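Subject: Structure for you to look through

Dear colleague,

Please find the structure below, together with its sequence. Once you have it open, the notes that follow should help you find your way through it.

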Amino acid sequence: LSRNTSMSGPVEQLDNVERVLEQYIPAAELAEVRRVMYGMNQGVAPAIIEIPKKVSEMAERFDFEVKGSRFKAGPEQLRAPRIVRVGIIQNSIIRPTTDPIHAQYQAIQDKIEVLIDAAGAMGLNVRCLQGTWHMPFAFCTRERYPWVEFAQSAESGEATQFIQRMAKKHNMVIVSPILERDAAHGDTIHNTAVVVGNNGNVIGKHRKNHIPRTGDFNESTYYMEGNTGHPVFETAFGKIAINICYGRHHPLNWMAFGLNGAEIVFNPSATVGGLSEPMWSVEARHAAMTSNYFVGSINRVGTESFPNEFTSGDGKPAHKDFGHFYGSSYFSAPDASRSPGLSRTQDGLNVAEIDLNLCRQVKDKWNFQMTARYDMYAEFLADYVKPGFVPQIIKDHGL
């Protein structure tokens, strides 16, 4: 257990599920438990990647965790393996939320720079940060100011310029989820993921499709649903997409990225234990299996306290923190296997070496796309959205 500070003082949090399994389950049974829980890749558990000494030393010095897994594909006669190293980063904020806005941002950027350098030392090709990485998750407060001052241009803001420098430095594609200020359209705000190419160029951006309205938590206080559709970005290291945060609860959102050709989908998130943790290990893994792509699921970590109390529509008294962000970032593969997750309490870098050939191999095995009956569901949904829709219910006349 690790100690975490919340509005009521220090609270003990379970650090890592995998460590609990290792501590209490005998080795022989543990292998079988992991097979059931995490699946098999090419008949065996995903291999563990060795962490270079330099990265281990960085992790010890700056107090973050590093994990790595390898997902293989079967050999093919006409296609060479398409090996890509991808990474996801989870982190806590640094400074109190009462500090000046730019001081808070700069402290987070300094931390992220170290984690991206570690990713570079691991030989990563593609990496994604957590949702709105450059700020605290202040949307729970329902206060506009000062939090909207974190919003920046997706194309030329300070966060994007920083990510451009890091991408070029490490020859790495970087996905940077931020709070976007769109000056060209009335200074409106969006929850946006900026995709920066390995040459430091901005390839494009995607705006969050689904906005949570849970209890009295409503992010439309700040921004509305995005208007960018389901773009897939063709990069030097594969076709990637971003299903931002709450979009993971919507199966059609996952499906659309797959139908547009995504091979890797990132889900940068910010979610707390009391709200969603039982769903966390299920949704992205299900999407990876049914849409036949890799998924990197990222959640921030720690407990963030704000100056003014707020409620969360859960019947509890007003409070100053949203709850504990439980980290646990992990990778899912199209063959139903997954990696171990990062800590629930500590910053971390999770790395996966993947063979993108596995996406098509799983499609050829399960034939989900061939058997999907898209025409039938398109007809049903076209009818469903009409005001005069009548559900197809056959009643028992004996009732």
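Within strand S19, Ala352 is the bridge partner of Val86, where strands (E, at least two residues) and helices (H or I, at least four residues) are DSSP runs numbered from the N terminus. Strand S5 (residues 83–90) and S19 run antiparallel and are joined by eight bridges; two strands count as paired if DSSP finds at least two bridges between them. S19 also pairs with strand S4 (residues 65–71), this time in the parallel sense and over seven bridges, and there Gly68 has Val351 of S19 as its bridge partner.

Before going on, please keep in mind that this is a predicted model, in which local features need pLDDT of at least 70 and side-chain atom pairs count only at pLDDT 80 or more, while totals for chains, interfaces and linings use all residues. Residues are numbered from 1 along each chain as its sequence is written, and side-chain values use heavy atoms, with hydrogens and water left out.

Is S19 (residues 348–355) mostly covered or mostly uncovered? Eight of its eight residues are buried, that is, under 20% relative accessible area with a 1.4 Å probe and protein chains only (over 50% is exposed, and in between is partly exposed). Gly348, Asn350, Ala352 and Ile354 are buried on one side, and Leu349, Val351, Glu353 and Asp355 are buried on the other.

Leu349 appears again in the largest nonpolar core, which has 55 residues and in which Ile112, Trp133 and Leu349 have the most contacts; such a core is a set of buried Ala, Val, Leu, Ile, Met, Phe, Trp, Tyr and Cys residues joined through side-chain atoms within 4.5 Å. Among the elements that give two or more residues to this core are helix H4 (101–121), strand S8 (188–196) and S19, and H4 gives the most, with nine residues. A second, separate core of 29 residues includes Val84, Ile240, Ile242 and Phe331.

Not counting residues up to four places away in sequence, Ile112 touches Ile89, Asn91, Leu129, Trp133 and Phe162, contact being heavy atoms within 4.5 Å.

Lastly, you may wish to look at Ser332, which lies in strand S18 (residues 330–332) and is buried, with a relative accessible area of 0%. Leaving aside neighbours within four places in sequence, Ser332 is in contact with residues including Ala284, Tyr293, Phe294 and Arg338.

With best wishes
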